[in-house]
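Let us walk through this fold, from one helix pair to the sheet and back to a helix.

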Amino acid sequence: MSKPKRPVATGDPWPPLPYPAGWFCLGLASELKPGTVLTRTFMGSDVVLYRTERGVVRAVEPHCPHLGAHLGSGGRIVGENIQCPFHAFEYDPDGTCVRVPDSEPLKKLSLTQWTIREVNGLLMVWYAPDGAAPYWEIPQVDPQGFHRVQLHSKHVSSHPQELYENTVDYRHFSVVHAVPLEEIAPPETDGPFLRVHTKVPIARIPGVGNIWVGQTVLIAGLGYLVAEIDFPRLGVTVRSWALFTATDVWETDIRLLACCAVAGPLKRVPRPVQALIARLLAKAVVFKIGKVLDEDNVIWKSKRYMHQPHLAQGDKAVGIYRHHVRQFYPSETTGQEVSL
Ligand code: FES
Ligand SMILES: [Fe+2]
């Protein structure tokens with residue numbers, strides 16, 4: 001497969017961050033049924049996603065190499081091929097032109113393809129500034145026991161790196177969200193993965209204080225975050241995702257997902273009731289995370305990205321994060337120095 005390139009954003013005295021390498025979510029697999037063609041905006045231009053009748057998923061550059069029609073604007077699936085809406089040329093899943101009405105197929109024509117994977121029902125597209133093939137994968141999570149995922153989406157004028165930095169910026173939680181989040185252990189880095197271990201208060205008992213629960217967060221690249229919180233007394237585990245995808249320079253689509261597994265006493269209620277409880281809880285979780293991000297967005301929409309922040313005591317996790325994310329950019333654009 002060929003690997004499209006995207007421009008690196010550079011420029012003014014406060015240059016925006018470039019697009020990072022990694023996997024980015026362009027939708028849910030359930031949005032792309034067999035025979036469906038969808039258009040998504042990704043890093044400044046359109047990407048066309050489609051699924052063939054047999055279920056093969058592809059992501060391609062939108063414009064037909066014949067005379068430039070947009071495949072997402074009336075293109076359709078014919079068996080295993082995508083057919084252009086302009087002159088009905090057809091392209092197979094390898095991107096090769098395999099059918100031209102009334103003449104021989106022009107096999108030298110081909111669609112430029114993006115690498116796409118379905119991971120736990122997410123459509124993840126790979127991007128690398130130098131066009132490199134994927135050199136790491138999003139780890140699958142075990143869906144066993146979890147009920148259906150709930151989705152909440154929004155758009156913010158910011159960059160995925162800035163958004164994920166919130167996870168390690170412990171200091172802002174008590175100020176912006178009025179929640180005293182605490183670190184259990186320093187963030188662990190492992191190649192493109194960053195694991196963050198924190199605890200959050202879920203209730204306050206007068207005279208006793210806060211009741212805390214631990215949460216483990218995995219951030220893979222700068223497009224995928226999955227978190228898990230156990231509530232053993234309730235017999236509930238909540239798994240949530242925050243997926244950030246750059247649609248343009250400093251513009252990001254946010255997809256929030258959550259699902260719940262129930263155990264303990266809740267297991268005794270009829271399964272449809274369990275499923276309903278799990279769905280409602282998951283909906284409440286994504287709604288709550290959405291509200292939290294609205295609080296963050298008050299800051300994001302007017303803040304400036306500091307390439308060289310001045311970190312205070314207690315900001316060490318931010319320094320670890322800033323160092324970690326350098327790997328996702330071309331080396332000449334990663335002049336992000338931090339003083340710890
Ligand atoms: S522009 Fe696509 S077939 Fe002519
Ligand atoms: Fe936040």
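In which hand does H1 pass H4? The crossing is right-handed, meaning that the near helix is turned clockwise from the far one by less than a right angle; anticlockwise would be left-handed. This is a predicted model, in which local features need pLDDT of at least 70, side-chain atom pairs count only at pLDDT 80 or more, and totals for chains, interfaces and linings use all residues. Residues are numbered from 1 along each chain as its sequence is written, while chains are lettered from A and ligands numbered from 1 in the order in which they are written.

Helix H1 spans residues 160–168 and helix H4 residues 316–325. Helices (H or I, at least four residues) and strands (E, at least two) are DSSP runs, numbered from the N terminus. The two axes come within 9 Å and cross at roughly 145°. Axes are lines fitted to C-alpha atoms, for helices over the stretch in contact; angles run from 0 to 180 degrees between N-to-C directions. Gln161, Glu165 and Val168 in H1 meet Ala317, Val318, Tyr321 and Val325 in H4. Contact requires C-beta atoms, placed from the backbone, within 7 Å.

Now the sheet. It is open, with 7 strands in the order S12-S18-S17-S16-S15-S14-S13 and antiparallel pairing. Pairing takes at least two DSSP bridges between two strands. Strands S12 (150–156) and S13 (182–190) are at the edges with a single partner strand each, so one side of each lacks a neighbour in the sheet. Inside the order, S15 (residues 209–220) pairs with S16 (residues 224–231) over 6 bridges. Val217 stands opposite Ala227 in S16.

Finally, helix H3 (residues 271–300) lies across S12, S17 (236–248) and S18 (251–262). H3 runs at about 150° to S18.

Conventions. Contact = placed C-beta atoms within 7 Å.
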